[in-house]
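Please examine the sequence and the three-dimensional structure shown here. The account that follows is meant to be read with both in view.

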Amino acid sequence: MNVAITGTGFMGAVHAEALKRLPGVELVGIQGSTPDKARAAAERLEIPRAYDLWEALVADDEIDAVHITTPNRLHYSQAMDAMRSGKHVMCEKPLAMNAAETRELADLAMEKGLVAGVNYNTRFYPLSIEAKERVARGDIGQVHSIVGSYQQDWLLLDTDYNWRVLAEEQGALRAVSDIGTHWIDLIQFITGEKIVQVFADLKTVHETRKRPQGEVETFSGKLGGVEATESVPITTDDMGCLTFRFASGARGMLFASQVTPGKKNCFRYEISGSKACLEFDSENPNQIAIGSRVEANAILLKDPSLNSEAAQRFTDYPGGHAEGYPDSFKMCFRAFYDCIAAGDQGTRDFATFEDGHRELEICEAVVKSAADGRWVDV
Ligand code: SOE
């Protein structure tokens with residue numbers, strides 16, 4: 001498979017590094033917001049081709065699949081162009097700016113018979129797959145509640161800035177959509193539960209932020225050296241408190257925040273059922289706690305000899321050899337390219353465009369609920 005990336009920022013580099021670690025996949029080209037950025041990224045990441053323009057990437061018949069890692073505003077048109085030229089697509093989340101766009105994207109992928117994925121990489125921590133297996137085989141019993149959080153601190157100060165803070169680049173929601181949707185996707189993936197109603201309370205802590213000259217790469221503002229110039233009004237949420245009702249009757253709660261001091265990139269969940277509770281913390285991703293009322297609580301380690309066959313497919317190292325954030329991208333892409341190789345027989349463990357559409361429907365229900373102060377159906 002010959003692959004190209006669009007986007008030269010933080011995510012472009014993460015995709016490039018993961019693709020280079022994947023046998024059977026050749027990372028051939030990259031394109032960015034300017035020809036200079038594309039050339040610099042190609043040199044830095046040792047990628048053979050730098051495309052001056054998006055149109056040149058799309059026109060390259062040697063490319064089988066495109067990874068979209070640009071600001072969200074561009075996802076819809078780029079995914080459309082790529083699929084129209086017969087290329088498979090792996091797109092960063094959220095899939096597009098609204099559910100009307102994601103509907104069209106999912107329909108086109110289906111019509112063209114292309115493999116189209118959204119990079120909800122957290123599904124591919126080996127212990128996410130293990131948790132899914134254990135829920136499916138009944139270890140935790142009937143699911144009663146799913147609670148947790150996704151928190152970061154890189155947007156804590158009003159001098160912290162990145163394209164994600166602007167609604168026109170990111171979409172109406174930010175903390176909830178940029179990181180909260182990872183959690184929302186993950187817990188539904190693990191449990192098979194479906195969110196049918198939401199109640200949301202959102203807060204923009206900094207209603208203006210100081211925008212520096214030029215672009216500030218994701219997370220890099222924390223390293224300092226960024227000079228603020230102008231104040232810009234901000235409408236996107238710095239944090240959100242969400243309550244969910246699932247189709248089964250189970251209940252859920254998520255706190256998503258990008259302004260929590262000390263939380264670097266931390267998601268946690270507790271999935272509680274009639275028999276046991278599974279508890280995970282992404283800052284310690286090689287273990288999962290199993291809570292019980294009748295036995296001693298246990299810690300299960302990421303270790304192929306202790307984990308299911310399904311988890312073993314996405315584990316490359318023995319127990320005691322940590323696998324984490326960058327590995328989850330590699331494994332997500334492994335699932336994606338395995339699916340392409342298997343044709344119609346491929347299992348779609350990765351999030352599909354249909355899943356990406358569902359995430360946008362949930363986001364739109366969140367926006368409505370926060371505006372109206374009531375429960376909203378998804
Ligand atoms: C920034 O909040 C970000 O890069 C997210 O956009 C990613 O999805 C997450 O994996 C890490 O943080």
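The paragraphs below go from the domains to the sheets and then to the empty spaces.

The model is a predicted one. In the domain assignment, the protein chain is divided into domain 1 (2-117) and domain 2 (122-372). A distance of 22 Å separates the C-alpha centres of domain 1 and domain 2. To the contact between them, domain 1 contributes 40 residues and domain 2 contributes 37 residues.

One sheet may be taken as the starting point. It is open, has seven strands with mixed pairing, and follows the order β3-β2-β1-β4-β5-β6-β17. Its edge strands are β3 (49-51) and β17 (351-352), each of which pairs on one side only. Helix α1 (residues 10-20) packs on this sheet and touches β1 (2-6), β2 (26-31), β4 (65-68) and β5. The direction of α1 makes about 165 degrees with that of β1. Further along the strand order, β5 (residues 88-91) is paired with β6 (residues 116-118) in the parallel sense, and three bridges connect them. In this pairing, methionine 90 has glycine 117 of β6 as its bridge partner.

Two backbone details belong to loops of this part of the chain. Proline 94 is located in the loop between β5 and α5. The peptide bond that joins lysine 93 and proline 94 is cis, with omega at about -10 degrees. The other detail concerns glutamate 46, which is placed in the loop between α2 (35-45) and β3. Glutamate 46 has a phi near 55 degrees, a positive value in a residue other than glycine.

A further sheet is also open, here with nine strands in mixed pairing and the order β16-β15-β14-β13-β7-β12-β11-β8-β18. Strands β16 and β18 (376-377) are at its edges and have a single partner strand each, so one side of each has no neighbour in the sheet. At the β16 edge, β15 (residues 287-292) and β16 (residues 298-301) pair in the antiparallel sense over four bridges. These two strands make a hairpin, with five residues between them. Isoleucine 290 has alanine 298 in β16 as its bridge partner.

Elsewhere in the sheet, β7 and β12 (residues 251-257) run parallel and are joined by seven bridges. Within this pairing, arginine 251 in β12 is the bridge partner of serine 145. Glycine 148 is part of strand β7 (residues 143-151). Which residues does glycine 148 contact, leaving aside its neighbours within four places in sequence? The contacts are Trp183, Met253, Leu254, Phe255, Arg268 and Tyr269. Although glycine 148 and tyrosine 269 are 121 residues apart in sequence, their C-alpha atoms are 4.2 Å apart in space.

Two helices lie across strands of the nine-stranded sheet. Helix α8 (residues 175-191) lies across β7, β8 (195-203), β11 (239-246), β12 and β13 (266-273), and runs at about 150 degrees to β12. Helix α11 lies across β8, β11 and β18, running at about 50 degrees to β8.

Attention now turns to the empty spaces. Rolling a probe the size of a water molecule over the atoms shows where empty space is left. A search of the whole structure gives one cavity of 30 Å³ or more. The largest cavity holds about 50 Å³ of space. Its lining is formed by Trp154, Leu155, Asp160, Tyr161, Val216, Glu217, Phe219, Ser220, Gly221 and Lys222. By class, five of these lining residues are nonpolar, two are polar and three are charged.

The second largest pocket has a volume of about 280 Å³. Fifteen residues line this pocket, and Ala109, Met110, Leu114, Val115 and Arg348 lie nearest its centre. Eight nonpolar, four polar and three charged residues make up the lining. Where does the lining of the second largest pocket come from, in terms of domains? Domain 1 (2-117) and domain 2 (122-372) each provide at least three residues. Helices α5 (99-112) and α11 (353-372) each supply at least two residues of the lining. Of the contributing elements, α5 gives the most, with three residues. Helix α11 thus appears twice in this account: across strands of the nine-stranded sheet and in the lining of the second largest pocket.

Methods: Residues are numbered from 1 along each chain as its sequence is written. This is a predicted model: local features need pLDDT of at least 70, side-chain atom pairs count only at pLDDT 80 or more; totals for chains, interfaces and linings use all residues. Side-chain values use heavy atoms; hydrogens and water are left out. On a 1 Å grid over the protein atoms alone, a cavity is a set of points where a 1.4 Å probe fits but cannot get out, and a pocket is an open set with protein on both sides within 12 Å along at least five of seven lines; lining residues have an atom within 4 Å of a point. Grid points are joined across faces, edges and corners, and a volume is the space filled by probe spheres set on the points. Ala, Val, Leu, Ile, Met, Phe, Trp, Tyr, Cys and Pro count as nonpolar, Asp, Glu, Lys and Arg as charged, and the others, Gly among them, as polar. Two strands pair if DSSP finds at least two bridges between them. Contact means heavy atoms within 4.5 Å. Axes are lines fitted to C-alpha atoms, for helices over the stretch in contact, and angles run from 0 to 180 degrees between N-to-C directions. Domain bounds come from an automatic or database domain assignment.
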